[in-house]
Amino acid sequence: MVRWVLRACGRGASAVRVFGSIVGWAVALLALGVAFTMVFPSIKPVDLIGGIGIVSIAAGIAFQTVLGTMFAAIVILARDRFNVGDQVHVGDVRGTVEDIGLSSTVIRSFDSRQLLLPNSLVPSQVVTVQTGYERVRTTVTVDLDLATDQDRAREVALAAMLSVPQVHADPAPQVLAAEVVTGAVTTELPFWSGARQLETREAKDAVIRAVLRAFAAEGIGLVSAW
């Protein structure tokens, strides 16, 4: 029943599994307590609850780290900020979330290594969810020769970016002069593409090659690009 409700609310598979298990264990313990008081009538429910409380405190002290990690997992799943399949950046860890368990979150790095991220670290870290939105912005920077016709260079760069299939037309790409340095005008070329890491890498590669080809064809002087 709990799993069905969670699925109906759009929760991910990890949240359904973990919260379903927690509720299942809670119901089982409650049933065990009721059965215990029925078998031993001399034991009052309040005594049983008090005993459970004492045991819980002792267990909390003895297993503070483990319980802290489990509580962190519950917080992560309850907030529902990222799910299995999302691409995230947590500290030095980057990759695709494969599973969110009670002790750790399993992440597959972009070079196909399995990383186990302790859940206790996540609440205290800045978590970047790369796939939190359908598209992200990437910027390519070029240094145009100071003698170059900047307006013409802007038109050529914009047309080149719009010719790249991976670049979204809405929001449209831009060509923005950032600063003037010795012998060059530093120009930024921000554009939007799909949010997944491979999509952004492929889009950036395609934009760089398209802009370089267009500049070469038009004889536009380029000092450097990065």
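Colleague: Which strand do five bridges join to strand β3?

Modeller: In this predicted model, β3 covers residues 104-109. Its partner runs antiparallel to it, and five bridges join the two. One facing pair is serine 104 and proline 118, the latter lying in the partner strand. That partner is β4.

Colleague: In what order do the five strands of the open sheet stand?

Modeller: Strands of a sheet pair through backbone hydrogen bonds, either parallel or antiparallel. In this open sheet the pairing is antiparallel. The strands β4 (114-118) and β5 (127-129) stand at the edges with a single partner strand each, so one side of each has no neighbour in the sheet. The order is β4-β3-β2-β1-β5.

Colleague: By what angle are neighbouring strands of this sheet turned against each other on average?

Modeller: The angle is taken between neighbouring strands of the sheet, with direction ignored. Averaged in this way, the turn is 40°.

Colleague: Which helix gives the most residues to the largest nonpolar core?

Modeller: This core has 21 residues, and Met161, Leu189, Phe191, Val207, Val211 and Phe215 touch the most other members. At least two residues each come from β6 (135-145), α5 (150-162), β8 (184-194) and α6 (197-218). With seven residues, the one that gives the most is α6.

Colleague: Which residues is valine 207 in contact with, leaving aside its neighbours within four places in sequence?

Modeller: Val207 is one of the buried residues of α6. It is also among the core members that touch the most others. Beyond its sequence neighbours, the contacts of valine 207 are Val140, Met161, Val164, Val167 and Phe191.

Colleague: How many residues are in the other core, which lies apart from this one?

Modeller: Among the members of the other core are Ile76, Val90, Val93 and Val122. The number of residues in that core is ten.

Colleague: Why does the length of α6 agree with what its 22 residues should span?

Modeller: A helix is expected to rise 1.5 Å a residue, so the 22 residues of α6 should span 32 Å. The C-alpha atoms at its ends can be compared with that value. They are 32 Å apart, so the two agree at 32 Å.

Colleague: Which residue just after α6 takes a positive phi?

Modeller: The helix α6 covers residues 197-218. Just after α6, a phi of about 70° is found, and the residue that takes it is glycine 219.

Colleague: What percentage of the 226 residues in the protein chain is buried?

Modeller: Buried here means under 20% relative accessible area. Of the 226 residues in the chain, the buried part is 31%.

Technical notes: Residues numbered from 1 in each chain as written. Predicted model: local features only at pLDDT ≥ 70, side-chain atom pairs only at ≥ 80, totals over all residues. Heavy atoms only, no water. Buried < 20%, exposed > 50% of the residue type's maximum accessible area, 1.4 Å probe, protein only. Core = buried A, V, L, I, M, F, W, Y, C linked by side-chain atoms within 4.5 Å. Helix = DSSP H or I, 4+ residues; strand = E, 2+ residues; numbered from the N terminus. Contact = heavy atoms within 4.5 Å. Expected span 1.5 Å × (residues − 1). Pairing = 2+ DSSP bridges. Axes fitted to C-alpha atoms, helices over the stretch in contact; angles between N-to-C directions.
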